[in-house]
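This report goes through a two-chain model, starting from one residue and its surroundings. The interface, the two chains and some local backbone features follow.

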Amino acid sequence: MSRTDLAAQTSASARDLLGVSRLTNAALTRWLHALPGVDQVGCEARAGALSTRSVKADSKRAAIDLAISMIDLTTLEGADTHNRVRGLAAKALRPDPTDPSTPRTAAVCVYGDMVATAKEALQGSDVKVAAVATAFPSGRASLAVKLVDTQDAVAAGADEIDMVIDRGAFLSGRYLDVFHQVARVKEAAGPARLKVIMETGELATYDNVRRASWLCLLAGADFIKTSTGKISPAATLPVTLVMLEAVRDWRDLTGTMAGVKPAGGIRTSKDAIRYLVAVQETAGADWLDNHWFRFGASSLLGDLLLQRQRLRDGVYSSVTYIADDSPSTAY
Amino acid sequence: MTVIEYAPAPESRALVRLEASYGLFVGGEFVAASGPSFATINPATEEVLAQVSEASAAGVDAAVKAARTAYTRVWSKLSGTDRGKYLFRIARLLQERAREFAVLETLDNGKPITQSRDVDIPLAAAHFFYHAGWADKLAYAVPPGPGGSTPAPLGVVGGIIPWNFPLLMLAWKVAPALAAGNTIVLKPAETTPLTALLFAQVCQEAELPPGVVNIVTGAGATGAALVAHPGVDKIAFTGSTAVGKQIARALAGTRTSATLELGGKGANIVFDDAPLDEAIEGIVGGIFFNQGHVCCAGSRLLVQESIADEVERRLKRRLATLRVGDPLDKNTDVGAINSRTQLDTIAGLAHVGEAEGAHRWDTGCALPEQGFWFRPTVFTGVTQTHRIAQEEIFGPVLSVLTFRTPAEAVAKANNTPYGLAAGIWTEKGSRLLWLADQLKAGVVWGNTYNQFDPTSPFGGVKESGYGREGGRHGLAAYLQGEGH
């Protein structure tokens, strides 16, 4: 299938799903606005209730290892250097040098110009290289630039592309523009899996998060992702809950699974485990795998390792025992 | 496939120190039991927790006399500010000993520790804080009495409370009664007397004047003796409609006033434009919270026919994540049924539901071998003429009915002798307000269910009783004047 065929194919599936002969902004609007609303109070109460689950001892050990294996270890700074990226890659490959049984992280997430460096450092491992693209973090560039940005990262060896949607277009109701951009970037990403960042902190309402989630899924997203990490609030549990409901219902509707990636603001093991509980009780245990759920984070890894060491040794360690070549300030 | 196991996370029982047996709490002292006693058990294990005295008519009489003495000699002479100080002190002590109360409530009642810890005990303390604030502001709570006088208390209140929220129901009676200047004789339910007896210790710790609060334990006969006692000025009862009717009959023609908070068959009405994920949570919380032992439980789900299948599918999927078991485990969502008697009632009505042709469904989850348990159960294909649509089951059993139009929803929701609570789920504000107006229920929740707050009046219409608890309305029911 040629590249142009893929975007056309996505449009055709979308028409089919919506039951329309032509995919127009009006048709998309009707479809998205017909989704059930999200009651803010109820949604936040549910997230709060999920946070009360108690995960201890062996279950906690397993959950921590699972969380480590789901991390997209990230550095997205103007001051990034090749050495810093190599340091991050080394950390991803061997998060805890005192304990080789520690799982590797899922991926290393960098800007496009660092992909080759990351790829080389991770060569031969199963740790993926993810590149942010499409004029990250604002997304304010022409589609042509976004496509080239994407192709460039893929050509450099990126296994995954983390794109941003045009929030301006979304908020002004130009859903079709967002759809086309996602579909075209997906096409440009070729074999790379596409994560679509919705920047939920800018979408402001849970209704918008739900609509944006469905829009991205319809446009071919392999993953829906909360945030760039550059905007506050970044990931929250209620927002992630709404996204988990979206991928669950999307699978009910289409039979296709899509991943979810909360990014930014998740710093502690306790937080991470709450997210995993939400995954299990909302989308289901099928999603408890780094193919379907990721954490975009960097400082989270340090706390997971501390907790892991504590469960192993029975005493609390300290950050001075967490080897880190590139302590990040990104998240 | 990876699954996160929730390892057992039991709350420690170490905080709770139980006596082998308890007497009555009369005149500020525990009075050694003279008559018969009965055992109170942990419904999750059937373990005997303690022996509790059964107050005879003489025991009740002693308690009422102690309350009368305390009223005339001490409590009615205190300023509102001073009464408020005692109530604040009790509220703080409840907070300080919250964990102990929560564990004891869970042991005696069977409810999950997360609910006693996060709902029952904090709300009980909140009721004392709220009413403590009113104690010196009664003139602002209700219209002034004759000649602009400060509203006067009634005197001695007899409180009779159920087993579903033992300490919370105690707080609903004791806090407003004391704030308004009354003294009280309280009878907790026979299956859940322990937190009331621990509360008696809190009264001692707070140095509440002796006789202001008296606790008489016992069953129906003890309650009847309290109702029949001529020295009681008001009966505040929460419990079944059947007993409420007996009380109303007993009090007819006497000078004793009453507030009755009775049973319910709450309709939880879900429209096709509802926020669906949250509505599912509201349906689950509405009926399975506290094992369905909730007078205002949303035990009838009225769902618009166009989304009935979708709601049923989502509801069943959600029920699969409910964890039934050890109430002391922090990961338990649904605990034990409070007593064998209640379990038999629930099982009996569920059997009737099947026999009448409704479709019974549950998750088939494993249940502990000891104790009293009932799986969260959903009946679909229920119609108004089924007994499970009419009778209060007071257990984790949901009856699902459908409607086609808003008018039909109103008609079905109101087609019951009860009128305590209802829920409405719709994103359309105008419909929500219109419907709330049409429903014959004391409490109507919009896009939520089972929310309680001391500032909000609670109570029923029709056979769900009369009088309000909470808020200014609740306070007025403990003062002479408009409340009576």
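Leaving out residues up to four places away in sequence, L276(A) touches A63(A), L66(A), A67(A), L288(A) and, from the other chain, I4(B). The model is a predicted one.

**Nonpolar cores**

L276(A) is one of the residues that touch the most other members of the largest nonpolar core, together with V108(A), V196(A), C216(A) and I224(A). That core holds 111 residues. Its main contributor is α12(A), which gives 9 residues. Another core, of 90 residues, lies apart from it and includes M169(B), L475(B), A477(B) and Y478(B).

**Interface between the chains**

In the contact between the chains, 27 residues of chain A meet 22 residues of chain B. On the side of chain A, the elements that give two or more residues are α3, α4 (57-69) and α13 (269-283). The largest share there comes from α4(A), with 5 residues. By class, this side of chain A has 12 nonpolar, 6 polar and 9 charged residues.

**Packing of α3(A) and α12(A)**

Helix α3 (residues 40-50) of chain A packs against helix α12 (residues 237-254) of chain A, with the axes 9 Å apart and at an angle of about 100°. Angles of 65 to 115 degrees count as roughly perpendicular, and α3(A) and α12(A) are therefore roughly perpendicular to each other. From α3(A) the contact uses C43(A), E44(A), R46(A) and A47(A), and from α12(A) it uses L237(A), P238(A), L241(A) and V242(A). The residues of this contact divide into 6 nonpolar, no polar and 2 charged.

**The chains as wholes**

The table lists the same kinds of values for each chain.

| Chain | Helices and strands | Span of the C-alpha trace along principal axes | Buried residues |
|---|---|---|---|
| Chain A | 14 helices, 8 strands | about 65 × 45 × 30 Å | 57% of 331 residues |
| Chain B | 16 helices, 18 strands | about 65 × 50 × 40 Å | 56% of 484 residues |

For chain B the radius of gyration is 22 Å, close to the 23 Å of the globule rule for 484 residues, so chain B is as compact as a globular protein of that length. Chain A has a radius of gyration of 19 Å, which agrees with the value near 20 Å for a compact globule of 331 residues.

Contact separation in sequence was also computed. In chain A, 75% of the contacts between residues at least 6 apart in sequence join residues at least 24 apart. In chain B, residues 24 or more positions apart account for 71% of the contacts with a separation of 6 or more.

**Local backbone features**

Where in chain A are peptide bonds cis? The bond from F136(A) to P137(A) is cis, with omega near 0°. P137(A) lies in the loop between β3 (128-132) and α7 (143-155) of chain A. The bond from S232(A) to P233(A) is also cis, again with omega near 0°. P233(A) belongs to the loop between β6 (223-225) and α12 of chain A.

Positive phi values occur in residues other than glycine. Phi of A204(A) is near 75°, and this residue is in the loop between α10 (200-203) and α11 (206-218) of chain A. Q291(B) has a phi of about 60°, and its loop runs between α10 (276-288) and β12 (300-304) of chain B.

Are A204(A) and Q291(B) buried or exposed? A residue is exposed if 12 or fewer other C-beta atoms lie within 10 Å of its own, and buried if there are 20 or more. A204(A) has 12 such atoms, so it is exposed. Q291(B) has 32 other C-beta atoms within 10 Å and is therefore buried.

**A loop tryptophan in chain B**

W373(B) is placed in the loop between β13 (359-362) and β14 (377-380) of chain B. With 22 C-beta neighbours inside 10 Å, W373(B) counts as buried. Setting aside neighbours within four places in sequence, its contacts are V324(B), A336(B), I337(B), L367(B) and P368(B). D362(B) is 11 residues from W373(B) in sequence, and the two C-alpha atoms are 13 Å apart.

Key:
Residues numbered from 1 in each chain as written. Chains lettered and ligands numbered in written order. Predicted model: local features only at pLDDT ≥ 70, side-chain atom pairs only at ≥ 80, totals over all residues. Helix = DSSP H or I, 4+ residues; strand = E, 2+ residues; numbered from the N terminus. Rg over C-alpha atoms; globule rule 2.2 N^0.38 Å. Contact = placed C-beta atoms within 7 Å. Axes fitted to C-alpha atoms, helices over the stretch in contact; angles between N-to-C directions. Parallel < 35°, antiparallel > 145°, perpendicular 65-115°, else oblique. Nonpolar A, V, L, I, M, F, W, Y, C, P; charged D, E, K, R; others polar. Core = buried A, V, L, I, M, F, W, Y, C linked by C-beta atoms within 7 Å.
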